[in-house]
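Colleague: I have the chain open on my screen and would like to go through the labels people attach to it. Could you take me through them one at a time?

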Amino acid sequence: IAVFCGLVGLAVATRWIMLKPNFHAVTAAALFAGFYFRNRTVAVLVPLTAMATSAWFIGGYSREVMLTVYAAMMLPIPWRSFLRHRLSPARVALCAVASCLIFYVATNAAVWHSGMWYSRGWDGLMACYAAGLPFLANALAGDLLFSAGVFGAYVLATRYLGAGSLVAVPLP
């Protein structure tokens, strides 16, 4: 419960503080939740709870875009097998970057498809992806930084506090 609340709390706090747009810990929390929790439902609830809680205060946008954002925030969870097989900084970074790029492609496609800001042609799609590049840069920085922090804290805790091996903790 403490890990769940800690991950959600970190993700919500970084969305509320919003030093830069899309610079937050939601992806890192989802990535770690997928790695840590054996129960996939619990892992999925981490990013969903964080997004719903923070959106309650921050607000949202069109239903189509919001559904895509929420779905894309759950995409880091399936990397669990890859990370559990052999946890390493390179694997964490690879999963964070892959999650970020998939999020960028999916959410910008949804923004373009919604027709609210960009024309429905190729030019509109390219304009949408171009406009999203600064957000992608912020997201990459946040995803890498927070993933390194969360996984680094876990490795330090398990190594130096005698909390056991790098094995996921079962939930009831």
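Colleague: What makes Thr27 count as buried?

Modeller: Thr27 has a relative accessibility of 6%. Buried means under 20% relative accessible area, exposed means over 50%, and partly exposed lies in between, with a 1.4 Å probe and protein chains only. At 6%, Thr27 therefore counts as buried. Bear in mind that this is a predicted model, where local features need pLDDT of at least 70 and side-chain atom pairs count only at pLDDT 80 or more, while totals for chains, interfaces and linings use all residues. Residues are numbered from 1 along each chain as its sequence is written, and side-chain values use heavy atoms, leaving out hydrogens and water.

Colleague: Thanks! Which residues is Thr27 in contact with, leaving aside its neighbours within four places in sequence?

Modeller: Those are Met73, Pro76, Ser99 and Asp143. Contact here means heavy atoms within 4.5 Å. Thr27 itself is found in helix α2; helices are DSSP runs of H or I with at least four residues, strands are E runs with at least two, and both are numbered from the N terminus.

Colleague: And why is α2 described as largely enclosed by the rest of the structure?

Modeller: Because 11 of the 11 residues of α2 are buried. Among them are Leu31, Phe32, Phe35 and Tyr36. The buried residues of α2 pack against α1 (2–17), α3, α4 (63–73), α5 (80–85), α6 (89–114) and α8 (133–160).

Colleague: What makes α2 roughly antiparallel to α3?

Modeller: Helix α2 (residues 26–36) and helix α3 (residues 40–58) pack at an angle of about 160°, with their axes 7 Å apart. Axes are lines fitted to C-alpha atoms, for helices over the stretch in contact, and angles run from 0 to 180 degrees between N-to-C directions. Angles under 35 degrees count as roughly parallel, over 145 as roughly antiparallel, 65 to 115 as roughly perpendicular, and the rest as oblique. That makes α2 roughly antiparallel to α3. On the α2 side the contact is made by Val26, Ala29, Ala30, Ala33 and Gly34, and on the α3 side by Ala43, Val46, Pro47 and Met51.

Colleague: How do you know whether α4 and α6 are roughly parallel or antiparallel?

Modeller: By the same kind of reasoning: their axes cross at roughly 170° and come within 9 Å. The two helices are therefore roughly antiparallel to each other. Residues that meet there include Val65, Val69 and Met73 in α4, and Phe103, Ala106 and Ala110 in α6.

Colleague: Why is Leu133 called partly exposed?

Modeller: Leu133, which lies in helix α8, has a relative accessible area of 45%, so it is partly exposed. Asn22, in the loop between α1 and α2, also counts as partly exposed, at 27% relative accessibility. Phi of Asn22 is near 70°, a positive value in a residue other than glycine.

Colleague: Last one: how do you know that the whole chain is as compact as a globular protein of its length?

Modeller: The chain has eight helices and zero strands. Its radius of gyration is 16 Å, close to the 16 Å that the globule rule gives for 172 residues, so the chain is as compact as a globular protein of that length. The radius is taken over C-alpha atoms, and the rule is 2.2 Å times the number of residues to the power 0.38. Buried residues make up 42% of the 172 residues.
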